[in-house]
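Got your viewer open and a selection box ready? Let's take a walk through this one, stop by stop.

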Amino acid sequence: MTFGWVSIATLLSADRQVSFMKHASLTRAWAATAFVFAGLFGWHTGQAFSDSPVTYRQDMLCGAAAPRPDRDAALLEQVLRTPAGSIGYYRFGHGSPIVLITGYRASMAEWNAYFLGELAKNHEVIIFDNRGVGRSQIRGTNYGIEDLARDTATLIKGLRLKDATVLGWSMGGAIAQQLAIDEPALVKRLVLMSSAPLGQPGAAVSASASRALSGSGQGHFQRVMDILFPPAAQQQAMRCFVGDMFRPAGYAAPISNEVTIAQGKILQEWTQDGTALRQLNHLALPVLVLAGVDDEVVAPSNAQAFGRIFPHVVLVDVAAGGHAMMYQYPRPLAERIGDFIAQQP
């Protein structure tokens, strides 16, 4: 495994806002740097507004009696049948749709249940398993990120979702970017959490992080907690993580060796796709990037790379946030996403 409404002025004061426009004024030094990068990679350039990282109060709930969808006895996993196979998903809440794409070696269980519950207060939430996991069984074991993006598109079309916000966590963020490239009409807004860009600007996942996340056996859970959370949060994460996972009755989705191999290959190719990078430059949709300052899996510098790629992007650095920061701050992060959606009707 990788396991609420404010004004634009409030967002500008709390987060780092980057709006890349052709005629924005720049300082001479930044202009020179931006010119070099633009020439090399075709990036948009513009003016950056930078503040300190946003600080949230620790919000691990440890099984508390707060709203979470997996405690609804009526909630059942559904299956979308397609010509290529099946996609297992859950659907709950009311409002504009949010489709969540999970990450490396992760099932739907890795979503924080309270994070989902907060999103579901004002939105219809759709979560699903990537192919090869649980009841998502698509023919073929040799697949790439384009195939996973196609599966997501199939789900959105099959459920007839309109004006969907697509949220990708970790490797799910790469899938979400590919979806936005391939099927831009399906993505109204893009939210990238603890993720990195497709193409050369992205800082690759370190070898040590890959080993920890793909391991097994004695001590594996401790090693995963060590890399998903900063030291100050690890003790509480050990107590709370399992109890705060999305775990509806009857749901189980073990991760096979075949899935580990296929997704591992995707991770290796993640930051090598120059074609995808050039295509990202032309996306006009609004993008929210949520990055943990203490992320040990995906380097926080990736948020800055997103700022140079997307024409219209809001960057939010979260102080003390680890790779699985939705477990540290489930309700504040969900509220921030709600604020973003409200400002991008």
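**Stop 1: Asn112**

Select Asn112 and Phe115 to start: a polar atom of the Asn112 side chain sits 2.9 Å from the backbone nitrogen of Phe115. That is a polar contact, meaning a pair of N or O atoms within 3.5 Å; within protein, one must be able to donate a hydrogen and the other to accept it, and residues adjacent in sequence count only if both atoms are side-chain atoms. Now add Tyr114, whose backbone nitrogen is also reached by the side chain of Asn112, at 2.9 Å.

Before going on, some ground rules: this is a predicted model, where local features need pLDDT of at least 70 and side-chain atom pairs count only at pLDDT 80 or more, while totals for chains, interfaces and linings use all residues. Residues are numbered from 1 along each chain as its sequence is written, and side-chain values use heavy atoms, with hydrogens and water left out.

Where does Asn112 lie? Look in the loop between strand S5 (96-101) and helix H3 (113-119). Helices (H or I, at least four residues) and strands (E, at least two) are DSSP runs, numbered from the N terminus. Is Asn112 buried or exposed? Buried, with a relative accessible area of 0%. The classes are buried for under 20% relative accessible area, exposed for over 50% and partly exposed in between (1.4 Å probe, protein chains only). Show the surroundings too: leaving out residues up to four places away in sequence, Asn112 touches Asp244, Met326, Tyr327 and Pro330. Contact here means heavy atoms within 4.5 Å.

While you're in that loop between S5 and H3, click Arg105. Its phi is near 55°, a positive value in a residue other than glycine. Arg105 is buried, at 13% relative accessible area.

**Stop 2: Phe115 and the core**

Back to Phe115. Which residues have the most contacts inside the largest nonpolar core? They are Trp111 and Phe115, in a core of 107 residues. A nonpolar core is a set of buried Ala, Val, Leu, Ile, Met, Phe, Trp, Tyr and Cys residues joined through side-chain atoms within 4.5 Å. Color helix H5 (residues 171-182) next: it gives the largest share of this core, 7 residues.

Not counting residues up to four places away in sequence, the contacts of Phe115 include Leu100, Leu167, Met193 and Met326. Pro330, Leu333, Ala334 and Ile337 are on that list as well.

**Stop 3: strand S8**

Follow Leu167 into strand S8 (residues 165-169), where 5 of its 5 residues are buried. Turn on the side chains: Thr165, Leu167 and Trp169 point one way from S8, Val166 and Gly168 the other. In a regular strand the side chains alternate between the two faces of the sheet.

Now pick up the neighbors. S5 pairs with S8 in the parallel sense over 4 bridges, and Leu100 has Leu167 as its bridge partner in S8. Strand S9 (residues 189-193) pairs with S8 in the parallel sense too, over 5 bridges; there, Val166 has Leu190 as its bridge partner. Two strands pair if DSSP finds at least two bridges between them.

Show S8, H5 and S9 together and you have a right-handed β-α-β unit. Right-handed means that, with the strands pointing away from the viewer, the path from the first strand over the helix to the second runs clockwise.

Step into the loop between S9 and helix H6 (207-214) to find Ser194. Ser194 has a positive phi of about 55° although it is not a glycine, and it is buried, with a relative accessible area of 2%.

**Stop 4: the disulfide**

How many disulfides does a search of the whole structure find? It finds 1, counting a pair of cysteine sulfur atoms within 2.5 Å as a disulfide. Select Cys62 and Cys240, with their sulfur atoms 1.6 Å apart. The link is left-handed, at -60° about the S-S bond. Cys62 lies in the loop between strand S2 (47-49) and strand S3 (78-82) and Cys240 in helix H8 (residues 231-244), so the pair ties together parts that are 178 residues apart in sequence. Cys62 is partly exposed at 38% relative accessible area, whereas Cys240 is buried at 1%.

**Last stop: two loops**

Jump to Glu296, in the loop between strand S10 (287-292) and helix H11 (301-309). Glu296 and Val205 are 91 residues apart in sequence and 8.7 Å apart in space, C-alpha to C-alpha.

Finish on Gln272, in the loop between helix H9 (257-269) and helix H10 (274-280). Gln272 is exposed, with a relative accessible area of 58%.
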